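Please open the structure in your viewer and keep the selection panel at hand. The tour proceeds by stops, each giving a selection and what is found there.

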Amino acid sequence: MTPNEAPRSRAAGAPSDHRHLLDVAGLEWGQLRRLLDVAGQMRAILATPERRSDELRGTIVATLFYEASTRTRLSFEIAARALGAELLSFDVGTSSVGKGESLVDTLRTLRALGADVVVLRHERSGAPWLAARAFDGSVINAGDGWHAHPTQALLDLSVLSARIGGADGSLRGRSIAIIGDLLHSRVVRSNLHTLIAAGASVRLAGPANLVAGFADLADALTREARARSGDAAGSAQLVASIDAALDGVDAAMALRIQRERLSGGEIDSLEGYRRDWGLTEERLAARAASGCLVMHPGPMNEGVEIDADVADGQRSLVLDQVAAGVPMRMAVLSLAARGELP
């Protein structure tokens, strides 16, 4: 599976039941609306004095992260505890993985220890599909390589739906810019699926060396969504500049420059990147809609892809995104345990 491939089916090569969340490719608005509704039920639980339920009492949730994480890992762990599950937090760095143990052997070990759900982050694209074939519980993709980050896309959708969505929560008639290192971003690939399905018009922009293949991907996903949902579907297009991306948009998302994935030469300098592609208040005030909101999936390089006064300012939904991770991941865990994921 190549990073910019538009999947022909959302679960190609994976079990056909509804225990796993491997991707959001191919989900329709009605399915996304159900996930948003269940996340709303989870927010109601978190608003009670107890802040928890016993829905997953007796269930063991294992977090298996081969890459570093703060927001995703912590919110999954808080979500599991809020549902009454037992948590098995697997430390890859001090495990037998360092001795050569394979992903499949690790999954077999976790299952033998009683794990029912594995939340997996892996540097290899496609690893969650392998895991779903090897593990007879539930597998939740918490990010695989450059390919997908489904729960991030779902929580981003929940924030946008609440803040700028229509009466049905959809984003029809809304425009959203996603700007930055598209090439290495699993977040943008998942967000494209959910935002188009929700009816949004998405504009993509970034340095030429960091947007390779995205014009074709945007066209392919738009055609597929229109074939499924007609005029209710949104669209995506790659534009040439940040000014074109921001023109009149209702929300703008900055993506992190993933310096750990750069091979050299993709950008001239961090200062030059901010000058040409950074989200600044001046740029937003000049180009975006007056109430334009700002997002970032984190972690942020403040002063590079986004200025500190924007990230911390009145436009910012960054902390809303962090907070939305817990109820959305509670919803995913709950539906996975019931075998009711879309």
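Select Ala115 to begin; in this predicted model, the residue sits in the loop that runs between α3 (103-112) and β3 (117-122). Its relative accessible area is 0%, so Ala115 is classed as buried. Display the surroundings next: beyond residues up to four places away in sequence, Ala115 touches Ile60, Ala62, Leu110 and Phe135. A distance label drawn from the C-alpha atom of Ala115 to that of Ser138 should read 9.2 Å, for two residues that are 23 apart in sequence.

**The loop between α1 and β1**

Move to Arg51, which belongs to the loop between α1 and β1. What is notable about the backbone at this residue? Phi of Arg51 is positive, near 60°, although the residue is not glycine. With a relative accessibility of 48%, Arg51 counts as partly exposed, since that class lies between the limits of 20% and 50%.

Extend the selection to Arg52, in the loop between α1 (29-46) and β1 (60-65). Its relative accessibility is 41%, so Arg52 also counts as partly exposed. Show the side chain: it reaches the backbone oxygen of Arg81 at a distance of 3.4 Å. Apart from residues up to four places away in sequence, the contacts of Arg52 are with Ile45, Arg81, Ala82 and Gly84. For the spacing of the backbone here, label the C-alpha atoms of Arg52 and Leu83, which are 5.7 Å apart although 31 residues separate them along the chain.

**Helix α2**

Arg81 and Ala82, both touched by Arg52, lead to the next selection, helix α2 (residues 71-82). How does the length of this helix compare with expectation? Its 12 residues should span 16 Å at 1.5 Å a residue, and the end C-alpha atoms are indeed 16 Å apart, so the two values agree. Colour the buried residues of α2: they are Thr72, Arg73, Ser75, Phe76, Glu77, Ala79, Ala80 and Ala82.

Single out Glu77, a residue of helix α2. Is Glu77 buried or exposed? The relative accessibility of Glu77 is 9%, and the residue therefore counts as buried. Leaving out residues up to four places away in sequence, Glu77 touches Thr63, Leu87 and Ser89. Follow the chain past the end of the helix to Gly84, which comes after α2 and has a positive phi, near 85°. Gly84 is also one of the residues that Arg52 touches.

**Helices α5 and α12**

Now select α5 (residues 150-164) together with α12 (residues 318-338). The two helices pack at an angle of about 115°, and their axes are 8 Å apart. The crossing of α5 past α12 is right-handed. To view the contact, show Thr151, Gln152, Leu154, Leu155, Asp156, Ser158, Val159 and Arg163 on α5, and Asp320, Gln321, Ala324, Gly325, Met328, Arg329 and Val332 on α12. By character, the residues of this contact comprise 6 nonpolar, 5 polar and 4 charged.

Hide α12 and consider α5 by itself. Its 15 residues should span 21 Å at 1.5 Å a residue, and the end C-alpha atoms are 21 Å apart, so expectation and model agree. Of those 15 residues, 13 are buried, and α5 is therefore largely enclosed by the rest of the structure.

Within helix α5, focus on Gln152. Its relative accessibility is 6%, which means that Gln152 counts as buried. Which residues does Gln152 contact, aside from its neighbours within four places in sequence? They are Val187, Pro297, Gln321 and Arg329; Gln321 and Arg329 belong to the α12 side of the helix contact.

**Two further loops**

Go to Pro299, in the loop between β9 (293-295) and α11 (308-311). Inspect the peptide bond from Gly298 to Pro299, which is cis, with omega near -10°.

Finish at Asp250, placed in the loop between α8 (242-246) and β8 (251-254). Asp250 has a relative accessibility of 14% and so counts as buried. Not counting residues up to four places away in sequence, Asp250 touches Ile164, Gly173, Arg174, Ser175, Ala289, Gly291, Cys292 and Leu293. As a last distance label, connect Asp250 with Ala85: their C-alpha atoms are 38 Å apart, and the residues are 165 apart in sequence.

Methods: Residues numbered from 1 in each chain as written. Predicted model: local features only at pLDDT ≥ 70, side-chain atom pairs only at ≥ 80, totals over all residues. Heavy atoms only, no water. Axes fitted to C-alpha atoms, helices over the stretch in contact; angles between N-to-C directions. Helix = DSSP H or I, 4+ residues; strand = E, 2+ residues; numbered from the N terminus. Left-handed = near helix turned anticlockwise from the far one by under 90°. Contact = heavy atoms within 4.5 Å. Nonpolar A, V, L, I, M, F, W, Y, C, P; charged D, E, K, R; others polar. Buried < 20%, exposed > 50% of the residue type's maximum accessible area, 1.4 Å probe, protein only. Polar contact = N/O pair within 3.5 Å; in protein donor to acceptor, adjacent residues only side chain to side chain. Expected span 1.5 Å × (residues − 1).
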